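Me: I'd like to go through the cysteines in this one. Can you take a look with me?

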Amino acid sequence: MKKRSFLKRRGFLKGALAVPVAAAVRPAGAARPAARVRPDDAGWPDAASWDRLRRDVGGRLSAVASPLDPCRAAPAGEACSALFGELKNPYYIGATVGLTQTCGWVDAWTAAPSAYAVAAQSTDDVMAAVNFARANRLRLVVKGGGHSYLGTSNAPDSLMIWTRAMNRVVVHDGFVAQGCARAPQPAVSIGAGAIWMHSYDEVTTRHGRYVQGGGCGTVGVAGLVLGGGFGSYAKTYGTAAASLLEAELVTADGVVRVANECSHPDLFWALKGGGGGSFGVVTRLTLRTHDLPEWFGVVAATMHAASDRGFRRLVGWFVDFYGERLLNPHWGEIATIRPGRRLDIRMEFQGMDRAQAAEIWQPFFDAVGSDGDLSFTMSPLIRGVPARHRWDPAFLKAHAPAAVITDDRPGAASDNVFWSSNLSETGHFLYGFESAWLPQALLRVDRRGALVDALLAAGRISAVELHFQKGLAGATNETLAASRDTATNPAVLDAFALAIIAGEGPPAFPGLPGHEPDLAEARQRAAAIGRAMGEIRRIMPDAGSYVAESNFFQPAWQAAYWGAHYPRLLDIKRAYDPEGLFFVRHGVGSEGWSEDGFTQVVAL
C-alpha cells in the first residue's frame with residue numbers, strides 16, 4: 001500500500017493545525033483597514049522588508065517585469081514577435097510569472113503583472129507570503145495554472161503567490177483523511193500548481209485510475225476544483241469539487257489548516273465550489289479516484305441545412321434525440337448551433353464501446369442523411385480509445401497527432417501536450433462570455449418547441465454551445481448526492497447542460513502599439529453575444545451561471561454563481577478571513593471592496 005501522507009511537515013505544523021477557528025476571528029468592533037497600499041504609497045514596504053521576505057522564502061521572491069516590455073521598446077522587433085508567437089503556447093504562458101492564459105477582456109480588464117511574486121515551492125513559502133501581505137496591507141493574488149476568464153489570477157501593484165512549482169502528484173491505494181475514522185479509499189494528492197494534463201497522465205496512464213478533472217489539459221487543478229469543476233464525464237463521476245476528500249491551505253491568519261469532513265468541515269464545504277482565492281491559499285488537494293471504464297470515445301459530425309425550416313427540423317430532432325437517448329451517465333461534451341444553419345456535434349462517451357455508441361447514433365444520422373434539405377459537411381466519426389490511453393502523450397502523438405499540440409520550447413518535457421481544440425483560447429482576448437444552466441424541464445415534450453425556438457433565435461446571432469457535461473441531470477443518484485454536498489449553485493443538479501455564448505480574438509493588449517485589439521469589432525461582438533443570450537433567457541430568465549465561465553459584468557452574481565448557498569459561504573468567509581485579505585472580484589465577500597480590491601467600501 002502506498003503511503004497516505006503527501007508532505008511531511010515540520011513539527012510546529014502539527015500544533016498549528018489544532019488552532020481553533022476562533023483564533024482567526026477579529027473581535028467585534030475591532031478596527032479594519034480602510035485600504036491596501038500601492039508602491040507609491042507611504043506604507044509600501046521598504047527594501048529591507050522585501051529583503052526579509054526574500055530570505056524567508058529561500059530567495060524565491062522577485063520583482064516582476066512586464067513580459068510586454070520588449071514590445072513597448074520595439075513593437076516590430078524580433079523579441080516582440082517571438083513573444084506573441086509564444087502566447088499561443090499555454091506551457092510558455094504557465095511558466096512566465098507575468099502572464100495569464102487570457103490577455104484580457106474588452107472594457108473589463110487587461111492582464112498586468114504583480115509588483116512582486118513569491119515562486120512558492122512549499123507551504124512554508126505560502127505562509128511567509130500570506131503573513132507579509134497581511135502585516136503590510138498588500139493586495140494579494142494567487143496564480144497556479146493562470147486560467148481565469150475573469151482576470152482573478154492577476155492584479156497590478158500586488159504581491160503574487162505563484163504556486164506553479166508546487167506540482168507534485170501522488171497516487172494513494174488507500175487514503176484516510178486526517179482525523180477521520182473511515183475506510184481507506186483510492187485517491188490522489190495534487191499540489192496547487194499542477195495542471196490537469198500532467199495529473200491525468202499520472203493517475204490514468206501510469207496508475208490505471210480516473211480522477212474527475214477538467215477538459216482543458218492546461219487548466220490548474222486547484223482553480224478548477226475550487227470553482228466547482230466539470231470534465232467530459234461529469235454525469236458519471238460528478239463535479240471535481242464533489243471528489244475532494246481533503247485540502248491543505250493557509251488561511252488569512254497565516255495558519256496552515258487541513259480541511260476535510262472531520263476537520264474544519266465548514267471550510268471544507270466552502271472549498272468545494274465556493275470559488276478560488278476567497279478562503280485561503282490552497283497548497284495541496286486530495287481527490288477521490290475511480291475505476292477506469294474499458295473505453296472512452298468520441299462522436300463527431302457537422303451538419304448543414306439548406307433552409308430555415310430544415311434547420312429547425314434538424315435542431316428539433318437533436319433535442320428529441322438527446323432527451324430520449326443521451327440524457328444519462330454515458331454522455332457529455334458539446335453540441336453547437338451556429339449562424340449559417342450549422343450544427344456541430346462533438347460528444348464523448350464512456351461505459352460502452354464504439355459499436356454500442358454507433359448503434360445509439362445510427363437512427364439520428366440516418367434521418368439526417370435521408371432528408372434532402374440536410375447534408376453532412378463533416379461525415380459522422382465514431383471512435384473509441386482504451387481508457388488508459390485517453391491522456392497518454394506518447395499514444396496521442398502516435399495515434400491521434402492532429403488532436404494534440406506539443407510544447408515546442410527547447411528542452412520542454414515530452415509530456416507537455418495540449419488539445420488542438422484549445423488553441424484558440426490560448427492567450428486569447430475576450431470579447432464577451434455568457435453562460436446559463438438549462439433545467440431538464442426544458443426537455444419535456446411540451447417545452448421542447450420553446451427550447452428549439454430559443455436556440456435557433458440565439459444561434460442566428462452568435463454560436464450557442466450546449467455543454468452537456470456541465471449539467472448533472474441524467475446522472476446517477478450517487479453522483480447527484482456527492483455533488484449536492486458542495487457549494488456549487490444547486491441549479492447544476494437539475495440542469496441538463498450549460499449554454500455558453502462567447503467570442504474571442506488572438507492575443508492583444510489595449511495600448512500596446514502594433515498589438516492592440518480591434519475594439520470596435522470586439523464591442524460589436526460583445527453586444528451580439530449579449531443579444532444572443534437574451535434569447536435563451538427569455539425562456540429561463542433566472543438561470544444561474546457557472547462562476548468559472550461567465551460574464552465579467554454578471555448582474556446579481558451572488559445568486560447567479562451560488563444561489564441559496566451564498567449566505568452560508570459569506571458566513572464562512574467572515575469566520576476565516578474577517579479583514580478580507582483574500583479578494584477576487586465577484587468572489588465571496590468581495591462586495592465589501594472596490595472593484596480593484598484596494599479600498600474597503602463596507603464592513604461585511
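Reply: Sure, here are some questions and answers on the cysteines; keep in mind that the model is predicted.

Me: How many disulfides does a search of the whole structure find?

Reply: Cys71 and Cys80 have their sulfur atoms 2.0 Å apart, and the sulfur atoms of Cys180 and Cys262 are also 2.0 Å apart. A disulfide needs a pair of cysteine sulfur atoms within 2.5 Å. For the whole structure, the search comes to two disulfides.

Me: Which hand does the disulfide of Cys71 and Cys80 have?

Reply: Cys71 is buried at 0% relative accessible area, and Cys80 is buried at 0% as well. The torsion about their S-S bond is about 100 degrees, so this disulfide is right-handed.

Me: How many residues apart in sequence are the parts that Cys180 and Cys262 tie together?

Reply: Cys180 and Cys262 form a disulfide. Cys180 sits in the loop between strand 7 (169-175) and strand 8 (185-191), while Cys262 sits in the loop between strand 11 (256-260) and helix 10 (265-271). The pair therefore links parts whose separation in sequence is 82 residues.

Me: Is Cys262 buried or partly exposed?

Reply: Its partner Cys180 counts as buried, at 10% relative accessibility. Buried means under 20%, and Cys262 has a relative accessible area of 34%. That makes Cys262 partly exposed.

Me: Why is Cys103 not bonded to Cys71, and how far apart are the sulfurs?

Reply: Cys103 is buried, at 2% relative accessibility. Its closest cysteine sulfur is in Cys71, but that is too far for a bond. The distance is 11 Å.

Definitions and conventions
Residues numbered from 1 in each chain as written. Predicted model: local features only at pLDDT ≥ 70, side-chain atom pairs only at ≥ 80, totals over all residues. Heavy atoms only, no water. Buried < 20%, exposed > 50% of the residue type's maximum accessible area, 1.4 Å probe, protein only. Helix = DSSP H or I, 4+ residues; strand = E, 2+ residues; numbered from the N terminus.
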